[in-house]
Amino acid sequence: MNSAPASQKEEAAAPQRRTAFRFRLLRYFTIAGLSSFLVIGAILSFLQAREVAFFADVQRSQSAFLREVQSDLSGKTEQTARGSLVATQQEANVNLTKLFANMLWDSDFAPFATRVQTLRAGDCRAAARRDCAAELGGRIRALPGFAALDRRTVAAMQDSSVFKIKVYDMRGLTIYSSEHAQIGEDKADNAGWRNAAAGKTASELTHRDQFSAFEGLVENRDLLSSYSPVRRPGSKEVVGVFEVYADVTPFLRQVNASSAQIAGIVAANQEKIEQSAKRNADKVAESSIELLGIVGGVLAMLFLALLFIVRRGQGNIDAQALAQEQGAEKERLWHRERMVNIAAVAAAQEDALHRLQRIASRVPGVVYELRRRPDGRSCVPYASDALREIYRIGPEDVRDDASPLFAAVHPDDLAQHLASLDESAAKLTPWHNEYRLSFAAEAPLWLLGNAIPQREADGSVLWHGFISDITARKLAQAELDQHRHHLEQLVFSRTAELAQARDAAEAANRAKSVFLTNMSHELYTPMNAIMGMTGLALRRATDSRQIDQLGKSMAAAQHLLAVIDDVLDISRIEADHMTLAERNFSLPDVIDEVLRMLEAAAQAKGLRLAREIDPALPAMLRGDALRLRQVLLNYVGNALKFSDHGEIRVRADAVEQDSLSVLLRIEVSDQGIGLSAAQQERLFSAFSQVDDSSTRKYGGTGLGLAISKRIARLMGGDAGVASEEGVGSRFWATARLRRGVDEAGTVAEDLPAREMLAQGFAGTRVLVVDDDLVSREVAVFLLEDAGLAADVAGNGAAAVELASQADYALILMDMQLPVMDGLEATRAIRLLSGLAAIPILAMSADASDEDRQRCLKAGMDDHVGKPLKPEVFYASVLRWLQDTAAADPGRRAGPLGP
């Protein structure tokens, strides 16, 4: 303790002794006067060197000062320019945002945002958030009106200096971006969006690397994005946020160029100053050398000054001795204070240890340290007093040996317990384990252990952990498992009941299908007779009054057929029995066909029919043209019914399209009586009519529009109406259709199918199989009227026998026949020699898709629905006879067989 201060005193006194020795020598030299000139020369040389060094320091200080001035000037200049640019561009962005909001928000973005709110991000199937955002963006872009909104926004951007526009709703969802890939992103956490949503304008300057296709390089761009709120007119309520990006790269480049120019000027000035300082230093050196020649004249004065310096140096030595003594006293005081501080820290540590022990004793569990030595033995250096309550063992009992802890573990859990500790020690992973303690006279306790291991320098593993009693939780879990088992039994019982209900519903659905099939047959068969016979009578009638009466009868029959079609269609849709065909078709041809069918009715009321087709639509589409024509017939028919003047216009547009499909929108507008809001609400409901009173002026079943809407939804679209009472209505429907392919080799025929049959297939023999006498008579008359020869059979067995005896070019087969039905008869005919390829056309009153599929599966080639429509009937017969003739030219026409 005393040797260190003594050595420190010796070190402090050593400089003093050396100084005293130098001054004693100087006194000797002064008295002798022999070395006065040498000392003076050395002093002058020293002064010269100090002077040169001084000027060098001045030069370096000036250089450093100029560099600081240059850096500060450049930074402040660039900062000021950037701040001014950001403020100016921010004001410009805010003005552009207000302009875009006035132009586009109310007319485009507000309605579009309402449609976007119907989408739910939680429906996303993707696992990743980014993929989910991309999927949501695709669904937003698929919404109606997006393409038109995008075109207007891009057109507005082209007339301004805006680089990019983004629009957010009040949830932070990106509902629009001129870069479509960013649509669907969530910006709710963005500070700029939050400020704008709170009604404040915010801006930020960002840097972006953009690839230049012209130069083949990555171009650095600086963009200023401004978030601005869009407020509801006449209110401070924020309804959306616009983000406008402006390209400020040229301006910042100009600022950087100006800063570089200023830096160049300052650097040039600095170089000049440094050169001037160097010249001054050289002059000082020259002056110092001249001074050495002058000092000889003042040597005598310096000799006298040396005597004064010696005396002054002795005084300095005495002062230094006094200062060193005072410093030693201060050092002793410092050591005394340091010892006091060390004692205070030790007391604080002891107090903290006591507090930690009190906390550990009050925690509901055991806080402990477990050490496993390299030889495998374990001990517990520390454990809280809760160990005594849980393990029935005191902490002092396991401080050197932890085996009593392992002995208390339940025998069934001991192996797993030790294995989990081994794994944690080997991998240094956190230890987590549930295990039981076994006591002789008590129920087992469930414990949960958690600990973090660490490797010590000697190879031991030390766990710091916590053990808690989870017995109550385990008992509750066991009770919960018992309740869950009971619940599973209840669920199983309920599932069985639901299965029975499902089977009953499926049976009812099958019964409904059978009923629909029977009703179709029972309704269409007499309608076939009525319309067929009426048509035959019309062809042969010559009396004008009789022709008028038969025409009215035919019109009434057609109206009744339309009612039956509507009832059966709505029944099929409700029973989920309606499927859609997939065929290529031309949309203009479908629209023209509908207008031709209703042209006479329009002319009778003095109405004009017109069509307007978007040229962006593909020439060919693929889908169910028959159902699309049914929707158009319903819409145009309603327009004719409720209009007395003006024009009925059919319009077709592409709402959106991609490389595979098109979302088609068709509209039928009229200038009729219009609809009130209440009438529009119930218009598309089944069996609902605008006027359902007993004195109503307009008839109808109220099914046409309901069927049209359900067909549109089956096609992936929807249907609706926009109308104003007394002004007119605009009915619309959308459908998702695939892009079609032009079918090469299809040539439109100028002649009707009946005349082509008479010219090309006169005398060709056809077998008609039908158990209904009137239906047979109608089919035979139609065939003979086209020049074909017809044989008849009343049941399936007779049809098989006739087909085996004669050579027919085509067979018309009814579905429901006595003795042998049409399906079984078709299978039997296909097994006959040479008849595997003969065309067999089903004649059925059930026109459902399921019925068609059963026909095709049995071996039939096509389906002709009842009642027979002459033009459809002739077209089907002609097509199959032409196909047969093309496949076998020897069987083209003329009488076949005996």
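This short talk walks through one helix, the enclosed and open spaces, a hairpin and three unusual backbone positions. Please keep in mind throughout that the model is predicted.

I begin with helix α4, which runs over residues 146-158. How far apart are its end C-alpha atoms? At 1.5 Å a residue, its 13 residues should span 18 Å, and the end C-alpha atoms are indeed 18 Å apart, so the expectation and the model agree. Several residues of α4 are buried, namely F146, L149, D150, T153, A156 and M157. Seen down the helix axis, these buried residues fall within an arc of 130°, and therefore they line one face of α4. The general principle is that an α-helix has 3.6 residues a turn, so residues three or four places apart point the same way. The face of α4 turned away from the buried side carries R151 and Q158, which are exposed.

Helix α4 also contributes to an open space, the second largest pocket. About 550 Å³ of space lies in that pocket. Of the 20 residues that line the pocket, those closest to its centre are P144, G145, A147, A148 and V655. The elements giving two or more residues to this lining are α2, α4, β14 and β15. Among these, α2 gives the most, with 5 residues. By class, the pocket lining divides into 10 nonpolar, 4 polar and 6 charged residues.

I turn now to the enclosed spaces. The count comes to 3 cavities of 30 Å³ or more. The largest cavity has a volume of about 190 Å³. It is lined by 17 residues, and Y368, L370, Y391, L405 and I467 lie nearest its centre. Strand β6, residues 366-372, is one of the elements that give two or more residues to this lining, and the largest share, 3 residues, comes from β6. What is the chemical character of the lining of the largest cavity? It has 16 nonpolar residues, 1 polar residue and no charged residues.

The second largest cavity has a volume of about 60 Å³. The residues that line this cavity include L628, I666, M715 and T734. Elements giving two or more residues to its lining are α14, β15, α16 and β17. Strand β17 gives the most, with 3 residues. Here the lining divides into 9 nonpolar residues, 1 polar residue and no charged residues.

Strand β17 leads us to the hairpin. Strand β16, residues 719-724, pairs with β17 in the antiparallel sense over 6 bridges. Within this pairing, S723 stands opposite S729 in β17. Between the two strands of the hairpin there are 3 residues, and G726 in the turn has a positive phi of about 85°.

Finally, I draw your attention to three positions in the backbone. Residues K866 and P867 are joined by a cis peptide bond, with omega about 0°. P867 sits in the loop between β22 and α22. Which residues other than glycine have a positive phi? One of them is R392, with phi near 65°, placed in the loop between α8 and α9. R392 is partly exposed, with a relative accessible area of 40%. Another is V819, whose phi is also near 65°, and which lies in the loop between β20 and α20. At 74% relative accessibility, above the 50% limit, V819 counts as exposed.

Note on methods:
Residues numbered from 1 in each chain as written. Predicted model: local features only at pLDDT ≥ 70, side-chain atom pairs only at ≥ 80, totals over all residues. Heavy atoms only, no water. Helix = DSSP H or I, 4+ residues; strand = E, 2+ residues; numbered from the N terminus. Expected span 1.5 Å × (residues − 1). Buried < 20%, exposed > 50% of the residue type's maximum accessible area, 1.4 Å probe, protein only. Arc of directions from axis to C-beta. 1 Å grid on protein atoms, 1.4 Å probe; cavity = no way out; pocket = protein on both sides within 12 Å on 5 of 7 lines; lining within 4 Å. Points joined across faces, edges and corners; volume = space filled by probe spheres on them. Nonpolar A, V, L, I, M, F, W, Y, C, P; charged D, E, K, R; others polar. Pairing = 2+ DSSP bridges.
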